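Please look over the chain shown here before reading on. The briefing below goes through its sheet, a hairpin, a pocket and a few single residues, one topic at a time.

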Amino acid sequence: WSLQVQEELLTGGWPEDILEQKSCEVVHSKTAVNKEGAPDLLFCGLRVRIGIHTGMPELEYNPRTNGVDYFGPMVNCAARIEALGAGGQVLMSVETQSKLTHPNEMSLKFLGRFPLKGMVNEQEVVQVSSVRLAD
């Protein structure tokens with residue numbers, strides 16, 4: 001799902017005034033090319049960073065939104081992993097990586113161990129990319 005979000009952001013049909021912003025400008029690969037021989041599109045428009053961790057969150061009904069709020073150590077860990085990333089990155093804990101059912105459909109790169117604010121233990125973090133954008 002996270003890689004699908006990143007791919008769909010590339011073709012979001014962004015207004016020109018957004019694409020004129022430095023952090024939203026169109027960026028093409030300097031090395032990879034698409035089927036037509038043109039440089040691969042790496043970024044276009046808003047760049048979202050995504051952090052993923054595995055576990056059971058605590059749930060609480062929120063009468064104001066008539067929905068459920070998720071909180072607890074697992075949610076905090078995912079948020080801290082997300083904070084390590086830059087716009088356009090998908091990061092996950094090694095714990096989550098170990099539960100992937102189709103790891104060959106993505107490119108995984110071990111980034112190292114990181115201390116995370118409010119967490120007792122360091123987390124091993126992996127960057128996840130679509131195979132198309134792996135380089």
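E3 and E6 run in the parallel sense where they pair, and three bridges join them. The model is a predicted one, and the points below should be read with that in mind.

**The open sheet**

- In the pairing of E3 with E6, Ile50 has Val90 as its bridge partner in E6.
- Helix H3, which covers residues 73–84, packs on the sheet and touches E3, E6, E7 and strand E8 (123–130), while its direction makes about 140 degrees with that of E3.
- The sheet as a whole is open and is formed by four strands in the order E3-E6-E8-E7, with mixed pairing.
- Strand E3 (50–52) and strand E7 (106–114) are the edge strands, each of them pairing on one side only.
- On average, and with direction ignored, neighbouring strands of this sheet are turned by 25 degrees against each other.

**The hairpin of E1 and E2**

- Strand E1, made of residues 27–33, pairs with strand E2, made of residues 39–43, in the antiparallel sense, and the pairing extends over three bridges.
- The two strands form a hairpin with five residues between them, and in the turn Gly37 has a positive phi of about 90 degrees.
- Val33 stands opposite Pro39, which belongs to E2.
- Leu42 is found in strand E2, and although Leu42 and Val27 are 15 residues apart along the chain, their C-alpha atoms are separated by 5.5 Å.
- Is Leu42 buried or exposed, or something in between? Leu42 counts as partly exposed because its relative accessible area is 28%, which falls between the limits of 20% for buried and 50% for exposed.

**Ala38, in the loop**

- Ala38 lies in the loop between E1 and E2, and with a relative accessible area of 31% this residue is partly exposed.
- Once its neighbours within four places in sequence are left aside, Ala38 is in contact with Ala32 and Val33.
- Ala38 and Val128 are 90 residues apart in sequence, and the distance between them in space, from C-alpha to C-alpha, is 24 Å.

**Gln6, in helix H1**

- Gln6 is found in helix H1, and Gln6 is classed as buried because its relative accessible area is 12%, where buried means under 20%.
- Which residues are in contact with Gln6, leaving aside its neighbours within four places in sequence? They are Val48, Ile50, Gly88, Gln89 and Val90.

**The second largest pocket**

- About 160 Å³ of space lies in the second largest pocket.
- The lining of this pocket includes Trp1, Ser2, Leu3 and Gln4, together with Ile52, Val90, Met92, Leu100, Met106 and Val128.
- Helix H1 (2–10) and strand E6 (90–93) each supply at least two residues of that lining, and H1 gives the most, with three residues.
- How many of the lining residues are nonpolar, polar or charged? Eight are nonpolar and two are polar, whereas no charged residue takes part in the lining.
- Two residues already met above return here, since Val90 and Val128 are among the residues that line the pocket; Val90 is also the bridge partner of Ile50 and a contact of Gln6.

Conventions
Residues numbered from 1 in each chain as written. Predicted model: local features only at pLDDT ≥ 70, side-chain atom pairs only at ≥ 80, totals over all residues. Heavy atoms only, no water. Pairing = 2+ DSSP bridges. Buried < 20%, exposed > 50% of the residue type's maximum accessible area, 1.4 Å probe, protein only. Contact = heavy atoms within 4.5 Å. 1 Å grid on protein atoms, 1.4 Å probe; cavity = no way out; pocket = protein on both sides within 12 Å on 5 of 7 lines; lining within 4 Å. Points joined across faces, edges and corners; volume = space filled by probe spheres on them. Nonpolar A, V, L, I, M, F, W, Y, C, P; charged D, E, K, R; others polar. Axes fitted to C-alpha atoms, helices over the stretch in contact; angles between N-to-C directions.
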